[in-house]
Amino acid sequence: MKTITLFLLLSMVTFFSAEAHKYKSGHNRAHVTITIQTFYDELSPYGDWVYTPDYGYVWRPYFDYPDAFRPYSSNGHWVNTDFGWTWVSDYRWGWATFHYGRWAFDDYLGWMWVPGYEWAPAWVSWGYYGDYYGWAPLGPNVYAYTTSNWYAPDPWWTFVPRRHFCSGNWNTYIYDRPVHVTNITHITNVYVNNNNYNTNNSWYYGPRVSEVERYTKTRVRRMEVIDSERPDNTGIRNDRLNVYRPQVDGKRNDYRPADYRSVEQARTRERIQQTNARTNNPGINRTRNSSQLADSRNTGIKGETRT
């Protein structure tokens, strides 16, 4: 089996762009403020909360095949907006988990989402190798800088041929062979959010649109962003992208989920093997009564089907 070898030199990284671009956003957020408790309450029907020593409360979605789930790969796609490449998720909870906080992978818990306070079009690291664009979730406590000594682990990356990056069926072109990352060219053009006093509210802009157009041989449309006041009114409608990006109040730290488990209760008996990058279809996102704490990984209990 042919293997793409991606060289990641910690001491010598060739950057695609080391320039920090400042974009003055003309978008004014809807006047909505939430707290971390909102995340706990809104996500509980679609997954379980686990208390971890390292990250506090983390969330895992319910799926038929949970080990196949991959953040920023399963059930979504990229669109170009004023904020850079923006991840559009088809999950009801995508407004939170792909635009706030960070994702991390644990060998016995799988992918878990760590809540956060800052919004971004996507919290990912970008790169390329040869004819492929690649991206991977930023880990907890990792921020966007033009120079960084943090690199996403090998299995976190998704690679797609540049010419298919904007294809409607882009996920069928995901590179599906083992990838060993030892040297990668990172795309580090940073979007500096001038409308937010928090210096941590900056993100990687991603591949330059002009370059994407050159490889795809098509014009990439910049989609207008419309701020929504409700999480159930998001996604693409009438050729515009509706986003729900409320301010998250961080004044209190005593919030907690109504139901949660300890790491010991939630861990699987066997180590979870991260799946092939193309095997990113976890099946239907399931809901379950928040009082049912049995884990579908261990018990096979599916709960109610999402409607």
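Mentor: Two strands are taken to pair if DSSP finds at least two bridges between them, and the elements themselves are DSSP runs numbered from the N terminus, helices being H or I of at least four residues and strands E of at least two. The model is predicted, so local features need pLDDT of at least 70 and side-chain atom pairs count only at pLDDT 80 or more, while totals for chains, interfaces and linings use all residues. Residues are numbered from 1 along each chain as its sequence is written, and side-chain values use heavy atoms, with hydrogens and water left out.

Trainee: Which residue in β20 does Arg237 stand opposite?

Mentor: An open sheet of mixed pairing has three strands in the order β18-β20-β19, and its edge strands, each pairing on one side only, are β18 (224–227) and β19 (235–237). Strand β19 runs antiparallel to β20 (residues 240–243), to which three bridges join it. Opposite Arg237, in β20, stands Arg240.

Trainee: How many residues form the core that lies apart from the largest nonpolar core?

Mentor: A nonpolar core is a set of buried Ala, Val, Leu, Ile, Met, Phe, Trp, Tyr and Cys residues joined through side-chain atoms within 4.5 Å, where buried means under 20% relative accessible area, exposed over 50% and partly exposed in between (1.4 Å probe, protein chains only). The largest has 71 residues, of which Phe39, Tyr72, Trp78, Trp93, Trp113 and Trp126 touch the most other members. Apart from this core lies another, with Ala104, Leu109, Val114 and Val263 among its members, and its residues number eight.

Trainee: Is Tyr72 buried or exposed?

Mentor: Tyr72 is placed in the loop between β6 (56–61) and β7 (76–81), and its phi is near 60 degrees, a positive value in a residue other than glycine. Most residues other than glycine have a negative phi. With a relative accessible area of 1%, Tyr72 is buried.

Trainee: What is the relative accessible area of Asn75?

Mentor: Asn75 also has a positive phi, of about 55 degrees, although it is not a glycine, and lies in the loop between β6 and β7. Asn75 counts as partly exposed because its relative accessible area is 34%.

Trainee: What distance separates the C-alpha atoms of Asp249 and Thr33?

Mentor: Asp249 lies in strand β21 (residues 247–249). Leaving aside neighbours within four places in sequence, Asp249 is in contact (heavy atoms within 4.5 Å) with Thr33, Ile34, Thr35 and Tyr117. Although Asp249 and Thr33 are 216 residues apart along the chain, their C-alpha atoms are separated by 6.6 Å.
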